[in-house]
Amino acid sequence: MDLSRIYADRMTEEQSQQRFEKLKQQHKELFKRDTRAIFSTPGRTELGGNHTDHNLGTVLAASINLDILSAVSLRDDKIVNFCSEGFKPFQINLDTLEPIKEEEGTTKALVRGIGSSIVNKGGNIGGVNINLISSVPPGSGLSSSAALEVMIATVFNSLYNKDRFSTTELAIMGQEAENKFFGKPCGLMDQIACANGGAVGIDFYPKPVISHVETDFSRWGLKLVIINTASDHAKLTSEYSDIPSEMFSVAKFFGKSVLGEVKEEEFFENMKEVRKDIKNDRAVLRALHFFNENRRAKQMFEALKTDNKNAYLSLMKESGDSSYRFLQNVYAPSDPKNQGVAFALATAERLLNKEGAVRVHGGGFAGTIQALVPTDMCEHFICGMEKNIEIGCCTVIEIRKDPTEKIFDYSI
């Protein structure tokens, strides 16, 4: 196993092995059984295509060198024993594969939902003992929840289905569990990026088409930095759900379900009529962002493919500007006095001084922003961001090359 494809230079071989041994020892202590296999599933970063996936648009995303690492052993029943470091352990029985209202918003719902999705697709499930540790910080905008979903699906796929399901199918299982069992509306970008290795362009219409592109920002003398704005997004579910629903309302004007089914030129030719009909200018502006961001995501993919640094940085800046002005997901209208994302963007732009680029990252409103920072400026940049936000708010990441996978099998 070439661990550099998973962790790049984040940790040495010795540090990685210590992490694996710690996980195996924990498994033995928790479940009185030896570890059967160890799985690694990455977090993800969104590079382009902000809020386009749920309307079957185009995105650019990548798996990263932070992961959920799980140790697993088999059981001879349908019980899942689940223990995540820092959280209360739980047990569920997969004899029941229907949504349970009391489980909404919990990891139990995700496990049950993925089990249901596998069975509905003709697959097999069974009992497992799982303990995990994660280097993907929760609430970091790096999709710890999607990584968890994909990890669970990967475990069942490997141990009970001989890897019959593709990475895209594993991602869909995660989305279905989150939508139907967890109770949160989400697109499919996060799960696909966590399931696949490297950077991927994803065109969701009419069904996901995934294209890989070699990506290494260090070749451009840049570091990829995620900044946690230290703002709370726990009560912003309606703000997030308004974005897809308002885009759906524009699509409905054209007799379609999602904007991905609407021709761009038809939208721009009929904007006046759309405004009159739906009486929601913000929805029209969000639709405008959707079409422009679709083109940008494709252009950013091509810039990576052709090694065009200047074009990529320019497009990244445009993406952030469009999210701010048209998508309007930089702060919540319901709480205009709290603008942590806007403040972080302003601080980052000042520190970069027209070098690199910065943009809204992920859902917006709260959460994180993303910056490409010249390597020789990185220390200064991080110090400045931490001074103005909080210590530890910056995470330097790299693109992971390998997909979600079983990295050790001790049954062989």
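These are my notes on strands, cores, aromatic rings and cysteines in a predicted model.

**Hairpin.** I began with strands β6 and β7. β6 covers residues 199-203 and β7 covers residues 209-213. The two strands run antiparallel and are joined by 5 bridges. I noted that they form a hairpin, with 5 residues between them. For register, I looked up D203 and found V209 of β7 opposite.

**Nonpolar cores.** Next I asked which residues have the most contacts inside the largest nonpolar core. They are F82, M151 and F156, in a core of 44 residues. Helix α4, residues 144-161, gives the most to this core, with 10 residues. I then listed the partners of M151, leaving aside neighbours within four places in sequence. M151 is in contact with T41, I68, S70, F82, I130 and L132. F82 therefore appears twice in my notes, as a contact of M151 and among the residues with the most contacts in the core. Another core, of 25 residues, lies apart from the largest one. Its members include V136, A199, W220 and M300.

**Aromatic rings.** I counted 13 aromatic pairs. One of them is F20 with F408, an edge-to-face pair at 5.0 Å centre to centre and 70 degrees between the planes. This pair links distant parts of the chain, with F20 in helix α2 (residues 13-31) and F408 in strand β12 (residues 405-409). The two residues are 388 residues apart. I checked whether F20 is buried or exposed. F20 counts as buried because its relative accessibility is 1%. Elsewhere, F267, F268, F290 and F291 form one aromatic cluster. I also looked up a charge over a ring: the charged end of K24 sits over the ring of Y410, 4.2 Å from its centre.

**Cysteines.** How many disulfides are there? The count comes to 0. I wanted to know why C378 has no bond. The closest cysteine sulfur to that of C378 is in C394, and at 8.0 Å it is too far for a bond. C378 is buried, with a relative accessible area of 9%. C394 is in no disulfide either, and the nearest cysteine sulfur to its own is that of C393, 3.8 Å away. A disulfide needs the sulfur atoms within 2.5 Å, so a separation of 3.8 Å between C394 and C393 does not qualify. C394 is buried as well, at a relative accessible area of 14%.

Methods
Residues numbered from 1 in each chain as written. Predicted model: local features only at pLDDT ≥ 70, side-chain atom pairs only at ≥ 80, totals over all residues. Heavy atoms only, no water. Pairing = 2+ DSSP bridges. Helix = DSSP H or I, 4+ residues; strand = E, 2+ residues; numbered from the N terminus. Core = buried A, V, L, I, M, F, W, Y, C linked by side-chain atoms within 4.5 Å. Buried < 20%, exposed > 50% of the residue type's maximum accessible area, 1.4 Å probe, protein only. Contact = heavy atoms within 4.5 Å. Phe/Tyr/Trp six-rings, centres within 6.5 Å; stacked < 30°, edge-to-face > 60°. Lys NZ or Arg CZ within 6 Å of the ring centre and 35° of its normal.
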